[in-house]
Amino acid sequence: MRNDRLKIVFVLCLAFVSTGGQHLESKVVQLLQDEAEDIKCFVEGKDLTCFWEEEEERNNLHDQYTFTYSYENKKKMACVVSSLSLLASNKTVFFCKLPKTPFFTTLVVQVYRDAQMLYSRSLNAENFLFLDPPRNLTVTNSGKEGQLNVSWLPPPLKYMDDSLIYEVRYAMEGSNMGKVEVIKVSTMLVLLGLQSDTRYKVWVRVKPDGVAYKGYWSAWTEPVFGVTQPGDMDPLIVVLVLFIGLILCLLSLTVILSHHKFLLKKLWPDIPTPEHKFPGLFTVYKGDFKEWMSQNNGSIWGRSVHVYAEELPSPLEVLSEVSLTGHATSQREERKPVEEEEEKESERSDSRLTDRWREPPHAHWLMEQLRALQDNPESLSQSSLLQSHDTYVTLNQGDNERQDDDVFEETVPLQTLFTTAGTSSLSTSRSDLGSLQQSSGSGRLSSQSSFEYPNHTWPPKGPGYAYMAVADSGVSMDYSPMSSSRIAELGKHRMYTNDYKNDIFPHKWPLSGQHIKSGSGSCTGTVW
Amino acid sequence: MGSVAERSKALDLGSSLSGGVGLVSVLMVFVWLGENQVSPLRPICDLRVLDHFVREARDSEVIMRGCRGGCGVMKSYFVPLTSVDFAVWEHTDVHGQAVEVQTGLSLLDQALNNAMKTVSNSPLASVLENNISNIHSLGQILHSLDLQQARSTVLPDDSVPASAQTQEVSSLPELLQVQSSFLRGKVRLLLSAAPACQRQNS
């Protein structure tokens with residue numbers, strides 16, 4: 001008998017555990033916390049389940065407990081007791097499931113252990129409904145900003161559809177602060193006031209409304225995610241922004257237009273052109289300077305003399321050629337290493353100058369040569385040096401026999417200062433405060449350091465000669481070499497001199513081309 | 001001389017007779033109309049009315065619990081059975097359900113009236129009176145649903161026999177609990193499943 005009962009109980013236990021065990025366990029666990037009664041009962045579906053905790057450790061479990069129930073003053077009926085082991089808390093509960101539980105009537109349930117009443121409770125079954133969570137929870141985008149549509153299905157019940165209330169909980173993803181909305185009967189809800197373009201989690205649970213049926217809150221559903229729509233620009237803000245932008249544009253436009261000339265001058269300055277100085281050159285003669293000059297001979301010339309005051313290079317001072325035979329060797333030797341270097345910067349040239357100036361005998365020798373030259377102007381071809389504090393351009397001249405020496409002597413110090421540009425056959429010379437040379441040729445020494453070539457054409461001496469154009473604006477000197485072809489051209493022209501004392505050219509320049517004008521110094525220059 | 005008086009008397013009699021006949025005929029027409037008229041009552045399907053009654057029945061239970069003095073005497077009342085076995089209930093047809101509900105309501109009405117006689121506590125008496133009027137309203141609602149139930153009106157009658165469908169309670173609190181259970185159970189199930197209301201909803 002006992003074995004049979006045990007077997008029945010064991011089989012029933014297995015059946016319970018296999019089918020509704022999980023649901024039962026979760027509900028039992030929850031009620032263990034919430035319900036204070038000794039016998040805790042709940043209705044799942046249409047069946048009432050009552051359970052109680054195991055008191056103490058017992059060897060024999062089930063057959064000790066007896067569960068009876070009665071209603072409407074009818075006789076007591078027994079229920080089969082089963083046990084359930086809770087995995088989480090490692091407890092054991094005994095429970096009994098009443099088949100065909102009558103509703104809307106007072107039930108009296110009792111638990112006996114060893115013919116001794118342990119617990120007793122009277123209750124109405126319809127007041128202890130423990131429903132399953134709602135099903136099919138869906139969260140969709142409602143199409144409007146900050147809204148979500150939430151819908152679900154109620155638990156499968158009869159006669160209770162209109163007696164249920166729901167609680168919807170929603171929170172931003174990652175946040176635990178949620179809001180709760182209670183909704184009666186309806187299984188749909190629109191969540192309002194949400195942030196746009198945010199992911200939300202939504203849960204729902206259900207409970208009888210408490211009028212006809214009462215019960216416990218069901219478990220929460222699994223969270224369902226929904227994303228709100230990205231926010232649109234408020235049309236009012238867009239309109240305001242556009243309006244303000246338009247006003248700003250108009251203001252800036254007005255400012256720009258009123259000061260446009262000033263702004264234009266600052267941002268886009270005119271490139272200075274010499275057109276206004278050459279009236280008609282580019283418009284009538286299409287840039288042909290020769291023609292323009294020939295057309296505008298007399299009038300323009302006088303005018304342009306004054307115009308080019310500061311722009312023209314200053315005249316050159318041509319010195320007589322000086323041969324350095326006396327000290328040639330010594331100088332050559334000294335200057336050899338110097339010559340080998342190529343300099344391009346004036347700093348190095350300055351250092352060379354100072355090097356040479358450290359030679360006292362050189363200066364002394366210069367003075368002697370000067371005196372000699374003054375006494376004997378015919379001996380211009382002789383080596384003589386002029387001492388002058390002005391800048392000089394030395395012109396290399398030399399016969400073929402002397403060419404090597406002279407070129408070597410004369411050009412060495414100057415080559416160290418300046419390099420030739422372009423043609424290597426030429427040796428250009430630039431002003432050198434240290435060494436002074438004088439070009440040969442007819443001419444006489446003037447008061448200090450200039451000599452004149454009145455009505456004398458400068459004969460081109462071939463490749464041995466080098467000529468240089470000097471532009472002295474009073475601030476800086478600009479040297480440019482002249483090619484041999486240029487020199488040949490020059491030879492055809494007349495040369496003019498001017499005084500050393502800063503006289504303005506009194507002569508007219510019948511030749512076309514750029515002429516050299518004296519600014520601060522005086523010298524003669526070639527005119528081409 | 002005599003004939004004129006006789007003639008006037010006869011005329012008076014004739015006129016009164018004709019008037020009477022006309023009146024009777026009119027009355028008969030009205031009675032006939034009254035008997036044969038189709039009930040123009042619209043079915044009351046909103047369960048919120050019933051929920052309101054249920055809440056008021058629960059209020060009387062609460063007041064009963066807090067009543068001190070003059071709260072009635074121990075007396076036996078015959079009340080309907082309130083238990084609902086859903087399996088059984090679903091197998092019962094609507095007519096049977098309606099009869100059951102109607103009978104139960106009448107029983108409750110009787111019991112409540114009997115109880116009120118013994119109650120001197122004024123709050124309790126007022127809520128009991130409220131409950132009685134609610135039960136009458138429920139009768140009207142059932143009538144509006146046209147459930148073909150027995151047209152026996154709810155009449156206070158002590159001589160209702162105890163049948164299998166009744167139970168006996170011995171105190172007013174139990175009576176009130178029975179009332180509450182009955183309204184929430186059988187009455188509600190019937191009203192929610194009434195065919196007239198189903199037609200309206202669908």
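A salt bridge is a side-chain nitrogen of Lys or Arg within 4 Å of a carboxyl oxygen of Asp or Glu. This is a predicted model, in which local features need pLDDT of at least 70 and side-chain atom pairs count only at pLDDT 80 or more, while totals for chains, interfaces and linings use all residues. Residues are numbered from 1 along each chain as its sequence is written, chains are lettered from A and ligands numbered from 1 in the order in which they are written, and side-chain values use heavy atoms, with hydrogens and water left out.

Over all chains, the structure holds 11 salt bridges, and the table gives some of them.

| Acidic residue | Basic residue | Closest N and O atoms |
|---|---|---|
| A:Glu44 | A:Lys27 | 3.1 Å |
| A:Asp162 | B:Arg188 | 3.8 Å |
| B:Asp51 | B:Arg188 | 3.2 Å |

In the pair of A:Glu44 and A:Lys27, the glutamate lies in strand S1 (residues 40-44) of chain A and the lysine in helix H1 (residues 2-34) of chain A, so the pair ties together parts that are 17 residues apart in sequence. Helices (H or I, at least four residues) and strands (E, at least two) are DSSP runs, numbered from the N terminus. Both A:Glu44 and A:Lys27 are buried, where buried means under 20% relative accessible area, exposed over 50%, and partly exposed in between (1.4 Å probe, protein chains only). These two residues are also linked with A:Asp132 in a network of salt bridges.

B:Arg188 takes part in two of the listed pairs. The salt bridge between B:Arg188 and A:Asp162 crosses between chains, from helix H6 of chain B to the loop between strand S11 (148-153) and strand S12 (164-172) of chain A. B:Arg188 is buried, with a relative accessible area of 4%, whereas A:Asp162, at 30% relative accessibility, counts as partly exposed. The salt bridge between B:Asp51 and B:Arg188 links distant parts of the chain, with B:Asp51 in helix H2 (residues 47-65) of chain B and B:Arg188 in helix H6, 137 residues apart.

Helix H6 of chain B covers residues 172-192, and its end C-alpha atoms are 29 Å apart, which agrees with the 30 Å that its 21 residues should span at 1.5 Å a residue; the expected span is 1.5 Å times one less than the number of residues. Of these 21 residues, 17 are buried, so the helix is largely enclosed by the rest of the structure.
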